[in-house]
Amino acid sequence: MLYPWKDEYSVGVSRFDNHHKKLFDIANQLHEMMKSGKGEDVIEPVLRELIDYTKYHLAEEEKTMERIGYSNITSHKRAHVIFTEQLNSAMVEIERGRTTFVVIKVAQTVIDWLIDHIFGIDKKYTAEMNAAGIS
Ligand SMILES: [Fe+2]
Ligand SMILES: [Fe+2]
């Protein structure tokens with residue numbers, strides 16, 4: 001497994017930790033497929049699953065941030081918008097390219113972004129979520 005879940009990734013909200021864990025699971029599944037030389041026809045549906053679940057997760061985070069009146073919501077949502085745009089252009093790239101090379105490149109980009117986002121941005125909401133009784 002390339003990206004094992006670590007406790008240090010926790011954002012202090014079990015529901016979102018579970019979402020993040022599922023995203024890591026899909027990322028690891030993708031990595032295993034790429035490592036064992038599976039073709040884009042096998043990899044692509046899993047990459048789509050990763051993208052769809054990411055979109056679902058971003059929307060759920062936003063709902064909760066709105067509900068508690070999170071102070072950093074504007075910048076957090078902006079980061080989600082940028083990520084969603086990247087996901088959408090990734091899908092366009094896959095549809096245009098449809099090669100193993102393109103699918104692997106896109107999968108890697110999505111995984112890197114996820115880790116950066118959890119550490120750089122999601123972790124900032126821990127204190128306010130916990131203070132609002134969400135943990
Ligand atoms: Fe987020
Ligand atoms: Fe997140």
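This is a stop-by-stop tour of a predicted model with two iron ions, with something to select at each stop.

**Before you click**

Residues count from 1 along each chain as its sequence is written, while chains are lettered from A and ligands numbered from 1 in the order in which they are written. Because this is a predicted model, local features need pLDDT of at least 70 and side-chain atom pairs count only at pLDDT 80 or more, whereas totals for chains, interfaces and linings use all residues; side-chain values use heavy atoms, with hydrogens and water left out.

Colour by pLDDT to begin with (the predictor's confidence in each residue, from 0 to 100). The chain averages 88, and 98% of its residues reach 70 or more. Confidence is lowest in α4, at a mean of 81, and highest in α5, at 98. The helix names come from DSSP runs of H or I, at least four residues long, numbered from the N terminus.

**Stop 1: ligand 2**

Select the iron ion (ligand 2). Which protein atoms hold it? Its donors are His20 (NE2), His57 (NE2), Glu61 (OE) and Asp122 (OD), at 2.1 to 2.2 Å. A donor here is an N, O or S atom within 2.8 Å of the metal (3.2 Å for Na, K and Ca); water is not among the atoms, so sites may look incomplete.

The angles among the four donor atoms run from 86 to 170°, and the site is irregular. To be tetrahedral, four donors would need all angles between 85 and 135 degrees; square planar (four) or octahedral (six) needs opposite donors over 155 degrees apart and all others between 65 and 115, and anything else is irregular. Along the chain, the spacing of these donors reads H-x36-H-x3-E-x60-D.

Now pick out Glu61 and Asp122. This pair links distant parts of the chain: Glu61 sits in α2 (residues 40-68), and Asp122 is in the loop between α4 (100-120) and α5 (126-131), 61 residues apart. Glu61 is buried, at 0% relative accessibility, and Asp122 is buried at 0% as well. Buried means under 20% relative accessible area, exposed means over 50%, and partly exposed is in between (1.4 Å probe, protein chains only).

**Stop 2: ligand 1**

Move 3.6 Å to the iron ion (ligand 1); Glu61 coordinates both ions. The protein donors of ligand 1 are Glu61 (OE), His76 (NE2), His80 (NE2), His117 (NE2) and Asp122 (OD), at 2.0 to 2.2 Å. Their spacing in sequence is E-x14-H-x3-H-x36-H-x4-D. Since His76 is in α3 and His117 is in α4, this pair ties together parts that are 41 residues apart in sequence.

Stay on His117 for a moment. It is buried, with 4% relative accessibility. Leaving out residues up to four places away in sequence, His117 touches Glu61, His76, Ala79, His80 and Asp122, where contact means heavy atoms within 4.5 Å.

**Stop 3: the nonpolar core**

Next, show the largest nonpolar core, which has 40 residues; Leu30, Leu47, Leu50 and Tyr125 have the most contacts inside it. (Such a core is a set of buried Ala, Val, Leu, Ile, Met, Phe, Trp, Tyr and Cys residues joined through side-chain atoms within 4.5 Å.) α1 (14-35), α2, α3 (73-97) and α4 each supply at least two residues of this core. The largest share, ten residues, comes from α4.

Click Tyr125: beyond four places in sequence, Tyr125 touches Val11, Val13, Phe16, His20, Glu61, Met65, Tyr70 and His76.

**Stop 4: along α4 and α1**

Buried residues of α4 include Val102, Val106, Trp113, Leu114 and His117. Put a distance on the end C-alpha atoms of α4: they are 30 Å apart, which agrees with the 30 Å its 21 residues should span at 1.5 Å a residue. (The expected span is 1.5 Å times one less than the number of residues.) Try α1 too: its 22 residues should span 32 Å, and its end C-alpha atoms are 31 Å apart, which agrees. Following α1 is Gly37, whose phi is positive, near 75°.

**Stop 5: Ile43 and Glu95**

Is Ile43 buried or exposed? Ile43, in α2, is buried at 0% relative accessibility. Its contacts outside four places in sequence are Leu30, Met33, Met34, Lys38 and Val103. From Ile43 to Thr100 is 57 residues in sequence and 8.1 Å in space, C-alpha to C-alpha.

Finish on Glu95 in α3, which is partly exposed at 43% relative accessible area. Glu95 and Glu44 are 51 residues apart in sequence but 9.7 Å apart in space, C-alpha to C-alpha.
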